[in-house]
Amino acid sequence: MTVSTLSNVQPATYTVPGVYQAPSPRAPTVLPIRTDVAGFIGFEPRVRDSTPPSQLTGGATPVGHAFAVDVNEFQLRSWGIRATVPATPQLVLSESASSIPLADGQSIVYAIAASARSKDASLIVAHGAVAPSGLELAPDNPTAAAAVAAFMMAEGDNAMVAASRRWVRVADISVRRSGTSIWLTVLPSLKLTRCDDWNDYLAAFGMPRDDGTLLGPAVEAFFANGGGRCYLSCIRRPNFNDRVELDRASQDMIGVKGSSQAEATGLERLLLVDEVSIIDAPDLYARGGEAATQTLQLPPPAQDACFLPCPKLLEAPIIQQASGTGSDGDPLFPANLFTTDPWSDAFLSLQLQMAARCISECWRVVLLLAPPLVLNGGNYIPPDTLSAQLWRGIFDAQQKNGGLGDIYQVSCVALYFPWLLVQELVGAPVTLMPPTAAVAGVIARRDLARGPQIAPANETLDAVVGITPAIDDLVNSTLYSPLPNANGVAAPSVNIIRPFAGYGIQVWGARTLSTDPWLQFLNVRRALSAIERRCKAILETLVFEPNTPYLWMRITQSVVGVLMPIFNSGALRGDTPAQAFYVRCDSNNNPADSIAVGQLLCEVGVAIAAPAEFIVFRIGRNEGVVEVLE
């Protein structure tokens, strides 16, 4: 090869590869943090006691038994299995006309496993051991795997193939005997479920049944009103007449603080998902009993005059399920609004526990609550204005005596009134529902369209055809803008839902339980939370960096990179960035003593659109953990 010897001619061959410099952005990338995601808590909807329910058989002195469950059709997407679990009514757990596996006071647990050979999954039942009630254990994985292998061999697999089949535990079924009564409880094994639309819910859980529970209708109302994503945390599903298991279900609804992801239940499981920022527990308002079935004759369609016999123009009778006031049983968690100890009340204690748990992380979670059904004679009816005032007074008293923290912390709790009348389609049954799920959809709708700094109010609710009771200006004023007490102490607000001619039924309030003048608005609370979450996420990448002035500069640049787009969107007050926010991370708030113990502090002040003064929160690093302090 000939190479030029001229000094101004580049050689045709290279002895080293070329080196290229990748351009770096001038400002740090702002991580996308969703603040519109809801979390719902409810009873397991996939599996339930069969119809007729599990029982002992053979007359007044039973000699046999029939334990069975009904399984919805749903899509299984877990542990490498992608298959459809077919609808299986009367899936037999154990059955015999001449024997009973349980003595009085004993229990047994059956495991339902799913395994697939094709597009449809098969359900396999594994038997546990009988034990005194409270000591029973679910079949372990080897026992369930052996049951799956035996089933697959009966279906034609050889032993090696059957033993290698993937399977997943769908639910554990606890059966307890008390005298001649059988109490069946479904313990869900399929954990947290994410749904990005209503079809995701139908695929994961099947079509909801009108049995007094509200998880399915709540998710439908959330998506109908603009929701974009939600997580569902399913808890045990007891027999609704079994107070022992209902008490355990109420404990599952809250969960144990600090539980692992595998052991957490209910609210605690949702709080392990960082993007969940709206919490609702629809089945806290559930009622027992199946909806009544009526045979209705629809009116004839509008017709022009003719000479045909009238019966030929009438539609055939149809069977339609009717639900709503009077068709369901009593609330599973009844409330006494006149109690002197709300922490011992079946309903109020759950709401207060949920509020207290969320308040401990108020920067991340907004909690929506609705008033309970109230007893009127022998029936439970939607709460009236007086009931809403009593209900608000319970929260106000707990707030003022320190039971829920100070007025700053309770800014993550919002109260809504009244209940809604919901109708999916014209001609479909009208259902009575608490307003929380639909409001969660409105919050998500506003968040996705314009950001969390926009108040989730003055928005029309979809699929809502009425409210109960009716709301007028006086009720609106009484609940939303209450007068201070004799000592001048302000009372919290209840957000009102009202119909307006020409606009529909709208959310007409966006206040929190706090009476702090800067954090009484829901959009201010959520905007501040969104800023904190974005700052925390972007600073997670700087953990374990040397605590030097160079790091302080990087942190300042990163936080400013988060705040500038928020300022440009109009979420902050002021004509210039200096009027809208400040970031301080230097030697003044990071003295040598703090550096020596591994702490770093960045102070951020923001002027959210509603308040006139700075709201200050601090972001710091403490031994490798990024912390936020308001």
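1. The secondary structure of this protein comes to 14 helices and 31 strands, where helices (H or I, at least four residues) and strands (E, at least two) are DSSP runs numbered from the N terminus. The model is a predicted one, in which local features need pLDDT of at least 70 and side-chain atom pairs count only at pLDDT 80 or more, while totals for chains, interfaces and linings use all residues. Residues are numbered from 1 along each chain as its sequence is written, and side-chain values use heavy atoms, with hydrogens and water left out.

2. Of the 630 residues of the protein, 50% count as buried; here buried means under 20% relative accessible area, exposed means over 50%, and partly exposed lies in between, with a 1.4 Å probe and protein chains only. Among the contacts with a separation of 6 or more, 67% come from residues 24 or more positions apart, a contact being heavy atoms within 4.5 Å.

3. An open sheet of nine strands, with mixed pairing, follows the order S13-S14-S1-S15-S18-S21-S26-S27-S24. Its edge strands are S13 and S24 (459-460), each of which pairs on one side only; two strands are taken to pair if DSSP finds at least two bridges between them. Strand S1 (residues 37-43) and S14 run parallel and are joined by six bridges, and within this pairing Phe43 has Ile235 of S14 as its bridge partner. In general, strands of a sheet pair through backbone hydrogen bonds, either parallel or antiparallel.

4. Two helices that pack on this sheet deserve a look. H9 touches S1, S15, S18 (366-369), S21 (413-417), S24, S26 (495-500) and S27 (504-508), and its direction makes about 145 degrees with that of S18. H10 also packs on the sheet, where it touches S21, S26 and S27, and the direction of H10 makes about 160 degrees with that of S26. Axes are lines fitted to C-alpha atoms, for helices over the stretch in contact, and angles run from 0 to 180 degrees between N-to-C directions.

5. Helix H8 (residues 385-400) packs against helix H10 (residues 473-480) at an angle of about 10 degrees, with their axes 10 Å apart. That angle makes H8 roughly parallel to H10, since angles under 35 degrees count as roughly parallel, over 145 as roughly antiparallel, 65 to 115 as roughly perpendicular and the rest as oblique. On the H8 side the contact is made by Thr385, Ala388, Gln389 and Arg392, and on the H10 side by Val475, Thr478 and Leu479. By class, this contact of H8 with H10 has three nonpolar, three polar and one charged residues, with Ala, Val, Leu, Ile, Met, Phe, Trp, Tyr, Cys and Pro counted as nonpolar, Asp, Glu, Lys and Arg as charged, and the others, Gly among them, as polar.

6. The structure holds 24 salt bridges, a salt bridge being a side-chain nitrogen of Lys or Arg within 4 Å of a carboxyl oxygen of Asp or Glu. One of them joins Asp196 to Arg229, with the closest N and O atoms 2.8 Å apart. Asp196 lies in the loop between S13 (193-195) and H3 (198-205), and Arg229 in the loop between H4 (215-224) and S14 (230-235), so this pair ties together parts that are 33 residues apart in sequence. Asp196 is partly exposed at 27% relative accessible area, whereas Arg229, at 14%, counts as buried.

7. Arg229 also meets Glu275 in a salt bridge (3.2 Å, N to O). This pair links distant parts of the chain, 46 residues apart, with Glu275 placed in the loop between H6 (266-271) and S15 (276-280). Glu275 is buried, with a relative accessible area of 18%.

8. A further salt bridge brings together the side chains of Asp447 and Arg526 (3.1 Å, N to O). Asp447 belongs to helix H9 (residues 436-450) and Arg526 to helix H11 (residues 522-539), so far as the chain is concerned 79 residues apart, and both Asp447 and Arg526 are buried. Elsewhere, salt bridges that share partners join Arg194, Asp196, Arg229 and Glu275 into one network.

9. Some backbone details merit checking. Cis peptide bonds, each with omega of about 5 degrees, join Thr51 to Pro52 and Thr468 to Pro469. Pro52 lies in the loop between S2 (47-49) and S3 (55-57), and Pro469 in the loop between S25 (464-468) and H10.10. Two residues that are not glycines have a positive phi: Ala463, at about 65 degrees, and Phe544, at about 75 degrees. Ala463 is found in the loop between S24 and S25 and is partly exposed at 33% relative accessibility, whereas Phe544 lies in the loop between H11 and H12 (549-568) and is exposed, with a relative accessible area of 70%. Most residues other than glycine have a negative phi, and most peptide bonds are trans.
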